[in-house]
Amino acid sequence: MKSHLIFIGAPGSGKGTQASKLVADKGFKHISTGDLLRAEIAKKSALGIEVKQVMDEGKLVSDDLVIRLLQANIDLNASQYIFDGYPRNLAQAQTLDKEVLKGYPATSVYFEINTTKLVERLTNRRTCKDCGAIYNLISKNPKVIGTCDQCGGTNLVQRADDHEDVIKNRLKVFQETIDPVLKYYQDLGRLMKINAEQAPDEIFKMISSKL
Ligand code: AMP
C-alpha cells in the first residue's frame with residue numbers, strides 16, 4: 001500500500017510548489033484545505049460566507065468544519081494524496097489518523113524554514129486563478145508577464161490573505177499551533193524533516209528519494 005504524504009510548513013514554505021511537482025511527476029493527488037475553503041468562498045456557498053472573515057484575518061477555521069470539507073473531497077481507495085494545510089493543530093492530526101486515514105500509511109513532511117523570509121515571499125506571491133499555478137514577482141515570474149505558463153490563463157491574482165498584516169498573523173498562528181503536531185508525528189516515527197530553504201528542484205529530489 002502506497003503511503004500518503006502530509007505536508008506541514010509555515011505559509012510560504014513551498015508546500016504548494018512541491019505538491020504540484022509530485023502531482024505532475026509521481027501521480028499524487030493534491031488536497032489543500034485552504035484551496036477547498038477558497039473555492040467555497042468563490043462559490044459564495046453558505047460555508048464560504050461563514051469562513052470568509054476568519055480566513056481574511058488569517059485565523060484558523062473551526063476543526064469541525066474543515067474535517068467535514070476534507071472528508072467530502074477525498075477517496076483514499078482511489079488516490080494517493082498529499083494533504084496540504086491539514087492538520088494545523090494536534091486535534092486535527094489525531095482526527096486525521098482516527099477518522100480519515102484509519103490505518104492507511106501516511107508520512108508527514110515538515111518544511112523547515114526561517115520564517116523571517118516568508119513575509120517578503122508571500123507579499124510577492126501570485127496564483128493563477130484558473131489552474132492554481134504559483135508564481136513570485138521576485139523569484140519566479142511567468143515567461144510572459146501576466147500569463148500563466150501552465151494553462152495560458154491571464155488571471156494571476158494575489159490571495160486575499162497574502163497582505164503583510166494578515167501574513168504576520170498567519171505566521172503567528174502557525175508558530176503557536178504546530179509544535180504539538182510535529183511532536184505527535186515524531187513520537188510515532190512518521191516525521192520527515194526537509195530543509196525548505198534549498199532550491200525547489202533540490203527539495204523535490206530529496207522528497208522523491210524518500211518515497
Ligand atoms: P492555506 O491556503 O493553507 O494557507 O490556508 C488559508 C487559510 O485557510 C488559513 O489561514 C485558515 O484560515 C484556513 N485553513 C486552511 N486549512 C485549515 C485547517 N486545516 N484548519 C483551520 N483552518 C484552515
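**Ligand contacts and the α2–α4 packing**

Tutor: In this predicted model, a nitrogen atom of the ligand lies 2.9 Å from a polar backbone atom of Gly-85. Local features require pLDDT of at least 70 and side-chain atom pairs pLDDT 80 or more, whereas totals for chains, interfaces and linings use all residues. Residues are numbered from 1 along each chain as its sequence is written, and side-chain values use heavy atoms, without hydrogens and water.

Student: What makes the Gly-85 pair a polar contact?

Tutor: A polar contact is a pair of N or O atoms within 3.5 Å; the ligand nitrogen is 2.9 Å from the Gly-85 backbone atom, so the pair qualifies.

Student: Which side chain also approaches a nitrogen atom of the ligand, and at what distance?

Tutor: An N or O atom in the side chain of Thr-33 is 2.8 Å from a ligand nitrogen. The protein buries 96% of the 480 Å² that the ligand exposes when taken alone (areas by the Shrake-Rupley method with a 1.4 Å probe).

Student: Why are α2 and α4 called roughly perpendicular?

Tutor: These helices (DSSP runs of H or I, at least four residues) span residues 33–43 and 63–72 and pack at about 95 degrees, with axes 10 Å apart. Angles from 65 to 115 degrees count as roughly perpendicular, and α2 and α4 are therefore described in that way.

Student: Which residues make this contact?

Tutor: With contact taken as heavy atoms within 4.5 Å, Thr-33, Leu-36, Leu-37 and Glu-40 of α2 meet Leu-65, Val-66, Leu-69 and Leu-70 of α4.

Student: Which element gives the most to the shell around the ligand?

Tutor: Helix α2 does, with four residues.

Key:
Axes fitted to C-alpha atoms, helices over the stretch in contact; angles between N-to-C directions. Helix = DSSP H or I, 4+ residues; strand = E, 2+ residues; numbered from the N terminus. Parallel < 35°, antiparallel > 145°, perpendicular 65-115°, else oblique. Polar contact = N/O pair within 3.5 Å; in protein donor to acceptor, adjacent residues only side chain to side chain.
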